[in-house]
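Me: I've got this one open on my screen and I'd like to talk it through. Can you take my questions one at a time?

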Amino acid sequence: MNDYVKAWQCIGCGKIEALQTCVGICQDRKVEFVYASEHEETLTELAVARRQAGALEALVRRLACTNPRANEWENSYRALQERARATLASIGNATRGRPAP
């Protein structure tokens, strides 16, 4: 996935060319490109989003699968609140580029 093609880009018109040996069947076609740096940045953002989604999914699963004992619903609720706060704090740190506590 990280195979990059080195090419030349015109600073005037923006045309992109890669030096290749012509085999006689070439045709110019309109294509779309992104800069490698933008692609890498997007991959990094995707990894962060996936970690955040995983953390939130774990919290929702815990909420969905928790059955408090009789007369213990409040303790369970407060424990889930604490876990939710910790999860939100770690997601906030990841969003700001800092490691989670």
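Me: How much space lies in the second largest pocket?
Reply: Bear in mind that this is a predicted model. The second largest pocket has 15 residues in its lining, and Val5, Ala7, Phe33, Val34 and Ala36 are the ones nearest its centre. Its space comes to about 520 Å³.

Me: Which elements give two or more residues to that second lining?
Reply: By class, the lining of the second largest pocket splits into 10 nonpolar, 2 polar and 3 charged residues. The elements that put in two or more residues are strand 1 (8-9), strand 2 (16-17) and helix 1 (36-65).

Me: And what's the volume of the largest pocket?
Reply: Its lining has 7 nonpolar, 4 polar and 5 charged residues. The volume of the largest pocket is about 620 Å³. Of its 16 lining residues, those closest to the centre are Ile16, Glu17, Ala18, Gln27 and Asp28.

Me: How far apart are the end C-alpha atoms of helix 1?
Reply: Helix 1 has 30 residues, and at 1.5 Å a residue they should span 44 Å. The model agrees with that, since the end C-alpha atoms are 43 Å apart.

Me: Which residues of helix 1 are buried?
Reply: Buried here means under 20% relative accessible area. Across the 101 residues of the protein chain, 10% make that cut. In helix 1 they are Val48, Gln52 and Leu59.

Me: Is the chain compact or spread out, going by its radius of gyration?
Reply: Along the sequence the pattern is β-β-α-α. For 101 residues the globule rule gives 13 Å, and the radius of gyration is well over that at 25 Å, so the protein chain is more spread out than a compact globule.

Definitions and conventions. Residues are numbered from 1 along each chain as its sequence is written. This is a predicted model: local features need pLDDT of at least 70, side-chain atom pairs count only at pLDDT 80 or more; totals for chains, interfaces and linings use all residues. Side-chain values use heavy atoms; hydrogens and water are left out. On a 1 Å grid over the protein atoms alone, a cavity is a set of points where a 1.4 Å probe fits but cannot get out, and a pocket is an open set with protein on both sides within 12 Å along at least five of seven lines; lining residues have an atom within 4 Å of a point. Grid points are joined across faces, edges and corners, and a volume is the space filled by probe spheres set on the points. Ala, Val, Leu, Ile, Met, Phe, Trp, Tyr, Cys and Pro count as nonpolar, Asp, Glu, Lys and Arg as charged, and the others, Gly among them, as polar. Helices (H or I, at least four residues) and strands (E, at least two) are DSSP runs, numbered from the N terminus. The expected span of a helix is 1.5 Å times one less than its number of residues. Buried means under 20% relative accessible area, exposed over 50%, partly exposed in between (1.4 Å probe, protein chains only). The radius of gyration is taken over C-alpha atoms; the globule rule is 2.2 Å times the number of residues to the power 0.38.
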